[in-house]
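Biologist: Please take a close look at one helix of this model and at what surrounds it, and then set it in the context of the whole chain.

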Amino acid sequence: MKNPVPQAASLLLEKLMLLVHIRPLPAGSGREAPPPVPGYYDTSCFKRGDLLEVPRTLFIHFGIYLGENRVAHLMPDILPSITGDRRQIQQVVTNKRLILGVIARTASVRVDTVEDFAYGGSILVNHMDRLFEDQVLGSEEAARRAEKLVGATAYSLLWNNCEHFVTYCRYGAPVSFQTDKFCETVKMIIRDQRSVLASVLVGLASIVCLGVAPSTTLPTIFIPFFLWMAG
């Protein structure tokens, strides 16, 4: 029987990663917020192969600039797994499509305008180059790698998210620093018995705010609590 703890931790992390992509709806509206109008961003400073970053609520979304106001980026999306209609798939990914994609662990590397990719957020260009030093590939090579991967793909927070996609394209190695950092933070909280109660409360709050977790998640939350009480 598989250990439920890693599975539960992965599920919780993937639920939290939803906040990377989910776009807030305007007050009093039941529809998706409209994207910024074309021309909202000055793309004259972008070069083909650039790595673009858009800070979101808790995480960062990444893409590779292809030129001519086009960005390739990986997003969870259920639609490519149930239809081959390119016109439907190419429409801006809604929150429902994204959530179902995370649940089904399906995604697509898609090409959108800079406006649809950034969705009103500020854009950083090649900000990760400082972390890889001499590993930066040529701009054309990065763009071609991104173009070759366009289409449906599997989604995994730990192994195949938007950061893995861009680091493979621009640096040749699929890594995700923000996922690693988040996992290390969770481990530190669990190891520190003085913070066990806080971790329990965070886990319960995550279930309430982000959705009801399966039964395998409950031991993950309460076992540290009982150990803390026993200590």
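Modeller: Helices (H or I, at least four residues) and strands (E, at least two) are DSSP runs, numbered from the N terminus, and the helix I have chosen is H7, residues 162-171. The model is predicted, so local features need pLDDT (the predictor's confidence in each residue, from 0 to 100) of at least 70 and side-chain atom pairs count only at 80 or more, whereas totals for chains, interfaces and linings use all residues. Residues are numbered from 1 along each chain as its sequence is written, and side-chain values use heavy atoms, with hydrogens and water left out.

At the N-terminal end of H7, asparagine 161 acts as the cap, with a side-chain oxygen 2.8 Å from the backbone nitrogen of glutamate 163. Just after H7, glycine 172 adopts a positive phi of about 85°. Between these two points, nine of the ten residues of the helix are buried (under 20% relative accessible area, 1.4 Å probe, protein chains only; exposed is over 50%, partly exposed in between), so H7 is largely enclosed by the rest of the structure. The buried residues include the charged Glu163 and Arg170 as well as Phe165, Val166 and Tyr171. For the protein as a whole, 41% of the 231 residues count as buried.

H7 lies across strands S1 (51-55), S2 (60-67), S3 and S4, and runs at about 40° to S2; such angles, from 0 to 180 degrees, are taken between N-to-C directions of lines fitted to C-alpha atoms, for helices over the stretch in contact (heavy atoms within 4.5 Å). These strands belong to an open, antiparallel sheet of six, ordered S5-S1-S2-S3-S4-S6, where two strands pair if DSSP finds at least two bridges between them. S5 (124-125) and S6 (151-154) stand at the edges with a single partner strand each, so one side of each has no neighbour in the sheet. S3 (residues 70-76) and S4 (residues 106-113), both lying under H7, are joined in the antiparallel sense over seven bridges, and histidine 73 has arginine 110 of S4 as its bridge partner. Helix H3 (residues 95-104) also packs on the sheet, touching S3 and S4, with its direction at about 60° to that of S3.

Beyond this part, the protein has ten helices and six strands and averages a pLDDT of 77, with 64% of the residues scoring at least 70. Among its elements, helix H6 (residues 139-148) has the highest mean pLDDT, 98, and helix H10 (residues 217-230) the lowest, 42.

Key. Polar contact = N/O pair within 3.5 Å; in protein donor to acceptor, adjacent residues only side chain to side chain.
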